[in-house]
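Q: Could you walk me through this structure, feature by feature? I would like to start with the cysteines.

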Amino acid sequence: MTDAATCCPRCAHTTVEQLFTSPVPGAWDVLQCARCLYCWRTSEPDRRTRRDAYPESFRLTFDAIDNAREVPAVPPLRSAG
């Protein structure tokens, strides 16, 4: 994995998992934070892949994650027809 895998850009958690790898060797990996579940592709710009370049207004702290009221529910799929 690349340097982008050392910590989550959104919450700075250090447990990052590799979900997928490009079929073209070395092109990109898809990574996911084990704490906040943020996902990113390593080929994205620094503002999406590096903690120091990630917008401060979107950063999360461990306290904010632990005290979040709830995760919004995903609505049911519409039926075909």
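Q: How many disulfides does this predicted model have?
A: A disulfide needs a pair of cysteine sulfur atoms within 2.5 Å. By that rule the count here is zero. Take Cys7: its nearest cysteine sulfur belongs to Cys8, 7.1 Å away, and Cys7 is in no disulfide. Cys39 is in no disulfide either; the nearest cysteine sulfur is that of Cys36, at 8.8 Å.

Q: Is Cys39 buried, partly exposed or exposed?
A: Read the relative accessibility. Partly exposed covers the range between the 20% and 50% cut-offs. Cys39 has 36%, so it counts as partly exposed.

Q: Where is Ser22 found?
A: Place it by the strands on either side. Ser22 sits in the loop between β1 (16-21) and β2 (29-33).

Q: Is Ser22 buried or exposed?
A: Buried means under 20% relative accessible area. Ser22 has 8% relative accessibility, so it counts as buried.

Q: Which backbone atom lies 2.9 Å from a polar atom of the Ser22 side chain?
A: For a polar contact, look for N or O atoms within 3.5 Å. Here the partner is the backbone nitrogen of Val24.

Q: With which residues is Ser22 in contact, leaving aside neighbours within four places in sequence?
A: Setting those neighbours aside picks out contacts from further along the chain. For Ser22 they are Ala27 and Trp28.

Q: Now backbone angles. What should I look for in phi?
A: Start with the sign. Most residues other than glycine have a negative phi. A positive value in such a residue deserves a look. Ala12 is a case, with phi near 70°. Leu37 also has a positive phi near 70°, and it is not glycine.

Q: Where do Ala12 and Leu37 lie?
A: Check each against the strands. Ala12 lies in the segment before β1. Leu37 is placed in the loop between β2 and β3 (39-41).

Q: How do Ala12 and Leu37 count by accessibility?
A: Exposed means over 50%. Leu37, at 53% relative accessibility, therefore counts as exposed. Ala12 has a relative accessible area of 31%, so it is partly exposed.

Q: What pLDDT does the protein chain average?
A: Begin with the chain mean, then go element by element. The protein chain averages a pLDDT of 90, and 93% of the residues score at least 70.

Q: Where is confidence lowest, and where is it highest?
A: Compare the means of the elements. Confidence is lowest in helix α2 (residues 62-66), with a mean of 89. Strand β2 has the highest, at 97.

Methods
Residues numbered from 1 in each chain as written. Predicted model: local features only at pLDDT ≥ 70, side-chain atom pairs only at ≥ 80, totals over all residues. Heavy atoms only, no water. Buried < 20%, exposed > 50% of the residue type's maximum accessible area, 1.4 Å probe, protein only. Helix = DSSP H or I, 4+ residues; strand = E, 2+ residues; numbered from the N terminus. Polar contact = N/O pair within 3.5 Å; in protein donor to acceptor, adjacent residues only side chain to side chain. Contact = heavy atoms within 4.5 Å. pLDDT = per-residue confidence, 0-100.
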